[in-house]
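Okay, thanks everyone. Let me put the model up and walk you through a helix and a sheet.

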Amino acid sequence: MRLLNTRTLALEAFMGPPPPYAILSHTWGDGEKYGAAKVIGSAKKAHKSGFKYLWIDSCCIDKNSSAELSEAINSMFNWYKDSTICYAYLSDMHSPGGRAEPSVAFEQSRWFTRGWTEDGTLTTYMQLQELLAPREIEFFDATWDSIGTRTSLAQVISTITRIDASLLEAGLTNFPCEGFSIHTRMTWAYQRETTRLEDMAYSLMGIFGVNMPLLYGEGQSKAFKRLQGEIINKSSDQSILLHRSGRSLLAKHLTEFLPSDAFQHSPKSLLYVCESADSGIQTSLLLYPLGPDADEEFLGIVECVLANDPSKLYRPALRLSKTRNKDEFIRMLGWHLIKPSPTLNQVEVVNKVDGSVVTIIEQHKLQRQVVKLRQSYAGPGEMYPFWGSRVYLHSIVHKTSLQLFEYAKCHCDAPLPVRFMQPERVPGTEDLFIMAAISLVPHSGDKGSFLVILIFGQFSRGLHSQSFPDRIFPYLVSLRDWLSPEKSSQFNPLDLKFVQRHLWGLPIYKTNSPFDYSKIESILLRDAPKQDSTSRFFMSTPDGVQIAVSLDWKRFLEDDVLYFEAEISEGTSNKPKGRPRGRRRNASPLPPEPKRRKLPS
């Protein structure tokens, strides 16, 4: 460790424990390059206070040594913690009647928003660890006039940073960070700024007592997930799961830990270890099955409590979906709050936004279980049995002229013969899903006459509990008959949410007025085309285009693939017989076709 001699301004190196020293915390102003005046001013202040040595980031680290820089960043928290006092220099604050530069109020100083500072070649830790780690902090304005100490300004600083005033008053020596949940400590850094993306994660290592190598260039999301992995290896605190990152197991960004969600440790939290496992996290949760099928969705009650609840009984609960593997789950969107109901043998599930009761569950159905939580983007057929399966598009053969019909390029520069689909539920139904949308180039010169084939699937036992739908069928429509010109320009076959929102515009619904969502399923199933003995569906458009579609599940390596093949016959009413024999160009090479499995009608 290098320290600056406050009398000679020379650097001195110490291999063992250093002598008592003061430490400087500051920010870099616009256009500031070297900060010589700041170094001299802080050295004078330290020398006047009886300190022989001072540590400053701008001159006590060899910027040209990557090894020393990495060591310094991993040691920074302890250096601030071991200092006798920290001088916080607020260069954007000026005393009344002092210099003519614009001044800001204490709570508006950039010192409270900067996570790091940079002097052009070196980036170092700032603010959060410098606020918490030292035994005491004294704040100074630009002219080195004292503003106050962390202890005397604890209530003001607590309002600015949302950090508990008792921690600011006592310091980490008497009030360790471990007394606060991981979620709470994440919110302390909410809306902090960093110069480099990865620094948002690296600057929090000291707050959580972890170390990890610095990999600039890996990106913010990867750095933050690595940080969370190190935290999980050290702590059993399950509040790290209470972020707002959708189905992701770990948060992708610091801002996904919202300050409005405040949690404290549960008295039992130390009993249930939270640890990293292959592609996920292993921990213990109280599980409750939701819905009639106990193999689908669960509530997983987390071992922490809502901080602002005086009873300390409100508990967060994750929404989980079971995988095919025993005791493995993936996270679903959102989470709820659990609280006791007036009936002691029941528990209320409460909406965390408005406090309304979502449902009431029986306590005797709660079961403690060691579970493995996995990422939701695992391989097709593993997490969601159908979600993420592939649709393989064969070339389409034109019956009359043997011209090859290309698939619409979906507003991209290249065709997409293999697509990853995520089914969307048909509004007003429980078991019917739109699984794919396949668009063809115009069969005439009119761009509005794109042909679109929608593929529907019916899952009677729920989408998550069966690998294949009980029934699958196509629906043929011309884009001109379905959508307005304005909406047609927005149509993208890969955007199933768009398709879902506009199902009401299909001709099959327009002919069944008045429109009623409750009739959608019966109308679709009633008018769905039937398969013939060759497992093909025959459909036609009002302008005479007829299409024979083959849908078949096949196995390609370890993936379940739905093979789609179509034959177009334009201007004739005769149904094509046998399999299409037209010329196929640019067909993707495939392994020998396995024996076909007929779909249930």
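So, right after helix 4, Arg 162 has a positive phi of about 70 degrees. Before I go on: this is a predicted model, where local features need pLDDT of at least 70, side-chain atom pairs count only at pLDDT 80 or more, and totals for chains, interfaces and linings use all residues. Numbering starts from 1 along each chain as its sequence is written, and side-chain values use heavy atoms, with hydrogens and water left out.

Helices here are DSSP runs of H or I, at least four residues, and strands are E runs of at least two, numbered from the N terminus.

Now, which residues of helix 4 are buried? Ala 154, Ile 157, Ser 158 and Thr 161, where buried means under 20% relative accessible area with a 1.4 Å probe, protein chains only, and exposed means over 50%. Down the axis, those buried residues fall within an arc of 105 degrees, so they line one face; the arc uses directions from the helix axis to the C-beta atoms. Gln 155 and Thr 159, on the other side, are exposed. Covering the buried ones, by contact (heavy atoms within 4.5 Å), are among others helix 3, strand 8, helix 5 and helix 6.

On to the sheet: seven strands, open, mixed pairing, in the order 2-1-4-3-5-8-9. Strands pair if DSSP finds at least two bridges between them. Strand 2 and strand 9 are at the edges with a single partner strand each, so one side of each has no neighbour in the sheet. Strand 3 and strand 4 run parallel, joined by two bridges, and Ala 22 sits opposite Leu 54.
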